Amino acid sequence: MHAPFSLLDAENTLASPVPLPSGRAAQMLALTILWHPERERIGEQFIAPRAPNSGADIAVNRFAPLFGALAGERAPLDHRRIARDSLRLRRHRDDGVSLLLPQSRMRVELNGAMLAAPETRCTPEQVDAGLVIGLGGVVLLCVHWMDRLPQPSAIRSVRGVSSAAIRVRELIRQVAATELPVLLLGEAGSGKELAAQAIHQASARCRSPMVAVNMASAGESRAESDLFGAGTGAFAQAGDGVVFLDKVGFAPPVVQAMLRRVLQTGEYRPSGARLKEAARARLIGASDHDLHDGSFNQALLRRLEALVVHLPPLRARRCDIGVLALHFMQAWSARTGSAPELPVAFMSQLCNYDWPGNVRQLGSVVQRAMSAAQAGQALDFDALAPGAACRPARTRPAKLGPQAVLDALEANGWLIRNAALALGVSRPTMYKLMEAHPAIRQVGQIAPAEIDAALATHGGDAGRCAAALKTPSEALRRYLRARKVL
């Protein structure tokens with residue numbers, strides 16, 4: 001019997017942002033094995049006591065600390081190329097972390113660069129992003145925060161040892177116990193369809209089908225028939241199961257209105273039919289962009305977001321990269337019957353990349369790397385991950401002035417993702433920088449008459465119109481499509 005579920009879950013099931021506990025004092029500093037010559041050790045963790053006293057260092061050497069998975073046995077790194085002298089990690093009162101080199105000649109790398117100074121201090125923001133430490137050219141560790149202890153889970157499709165992965169699995173279990181509509185939010189490639197499948201499989205509807213419809217690939221007439229076709233539409237095929245609407249923000253306005261009526265009345269009229277039918281399927285929607293900008297049917301949104309689950313981007317759970325990469329390697333080996341080795345230098349590049357395409361992109365790169373290694377080819381990360389060579393190093397948002405944000409948007413056609421890539425920041429960080437900028441406006445804040453005037457001035461060119469209005473072009477295009485201007 002499922003435990004009672006509260007709609008006021010304070011973690012992530014609310015549509016509006018929920019403030020996290022102030023500061024990082026309540027979080028634990030953790031070390032996760034990203035890469036180890038013994039593959040079964042990837043994902044093992046050491047978690048330091050919560051809020052350690054000032055001056056309490058974590059000593060990392062061949063024999064300490066002890067790493068383990070859940071309640072299993074714990075063991076040190078135990079490799080001859082890792083020194084007996086300790087690399088020490090010191091957490092400061094401001095939650096920055098210093099790395100103090102050992103007296104030995106062991107090679108120590110931080111985020112892919114070799115350390116030479118006796119002490120290297122990392123800012124709290126750098127720890128937030130996950131520090132990738134290489135030891136002796138054989139082991140990779142991630143230093144990161146944990147706000148909860150590891151726990152077992154039956155949701156195997158969401159792989160990872162991070163707090164973010166644990167939180168998503170908890171939410172899936174809770175959401176699966178209800179019958180309410182669900183909205184999955186996350187960047188492209190972050191695993192929204194896998195999450196939908198996990199919700200379905202963990203629910204009482206698991207014996208009925210889940211029917212997926214990609215709203216971005218269907219026009220207005222096709223979208224209506226794909227969903228509501230007599231006997232052939234998604235609702236008819238799903239029966240008592242689940243209808244999963246991927247990229248729900250691209251649903252045509254008329255279809256959005258029909259979906260709102262389905263959620264409001266529990267009925268729909270099949271295309272061409274005279275009588276209504278009961279809509280028995282549960283609805284799960286997914287989107288990789290903001291649906292609150294005014295271009296999406298807000299009455300539908302209020303019903304669809306009865307439960308909201310946010311899927312974090314891969315760069316926000318860097319400590320999971322090793323576990324995910326190993327999974328993709330094992331899947332490739334199971335499919336091909338071969339198991340080529342990937343060098344630790346390549347794995348370091350893998351773990352230090354920010355993955356704009358998230359888990360999907362990681363899987364593609366790992367499979368291409370395995371194929372190249374099997375063929376005896378040199379592994380060129382820049383070639384295997386297109387766009388990696390021109391992607392800048394991670395940038396601290398505090399160093400970005402308002403003009404830099406504006407310049408990046410201007411240079412990239414007011415496309416948020418491209419501007420974020422140019423600045424070397426995540427898309428959520430880019431949204432925050434834009435919200436704080438006095439000159440940048442959301443399309444919902446602009447009077448329709450001003451938008452119409454800008455369109456007339458620029459000959460209906462949405463890109464030039466976005467630049468003139470200083471608003472993101474994606475949201476403006478959705479707004480114009482909703483008004484049937486484009």
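**View 1. Arginine 318 and its contact with alanine 129.** In this predicted model, the arginine 318 side chain comes to 2.9 Å from the backbone oxygen of alanine 129. Look for arginine 318 in the loop that links β17 (307-310) to α8 (321-336). Is arginine 318 buried or exposed? With a relative accessibility of just 3%, arginine 318 counts as buried, because the cut-off for buried is under 20%.

**View 2. Cysteines without a disulfide.** How many disulfides does the structure hold? The count is 0. Take cysteine 142: the closest cysteine sulfur belongs to cysteine 319, and the two sulfurs sit 5.3 Å apart, too far for a bond. A disulfide would need the pair within 2.5 Å. Cysteine 142 is also buried, at 0% relative accessible area. Cysteine 206, on the other hand, comes out as partly exposed, at 35% relative accessibility.

**View 3. The second largest pocket and its lining.** This pocket, the second largest, has about 630 Å³ of space. Its lining is made up of 24 residues, and those nearest the centre are Leu70, Gly160, Val161, Arg169 and Val323. Sorted by character, the lining of the second largest pocket has 11 nonpolar, 8 polar and 5 charged residues.

**View 4. Helices at the second largest pocket.** Which element gives the largest share of the lining? That's α8, with 4 residues. Both α2 (163-176) and α8 put at least two residues into the lining of the second largest pocket. The α8 helix is one end of the loop from View 1, the one that carries arginine 318.

Conventions. Residues are numbered from 1 along each chain as its sequence is written. This is a predicted model: local features need pLDDT of at least 70, side-chain atom pairs count only at pLDDT 80 or more; totals for chains, interfaces and linings use all residues. Side-chain values use heavy atoms; hydrogens and water are left out. Buried means under 20% relative accessible area, exposed over 50%, partly exposed in between (1.4 Å probe, protein chains only). A polar contact is a pair of N or O atoms within 3.5 Å; within protein, one must be able to donate a hydrogen and the other to accept it, and residues adjacent in sequence count only if both atoms are side-chain atoms. On a 1 Å grid over the protein atoms alone, a cavity is a set of points where a 1.4 Å probe fits but cannot get out, and a pocket is an open set with protein on both sides within 12 Å along at least five of seven lines; lining residues have an atom within 4 Å of a point. Grid points are joined across faces, edges and corners, and a volume is the space filled by probe spheres set on the points. Ala, Val, Leu, Ile, Met, Phe, Trp, Tyr, Cys and Pro count as nonpolar, Asp, Glu, Lys and Arg as charged, and the others, Gly among them, as polar.
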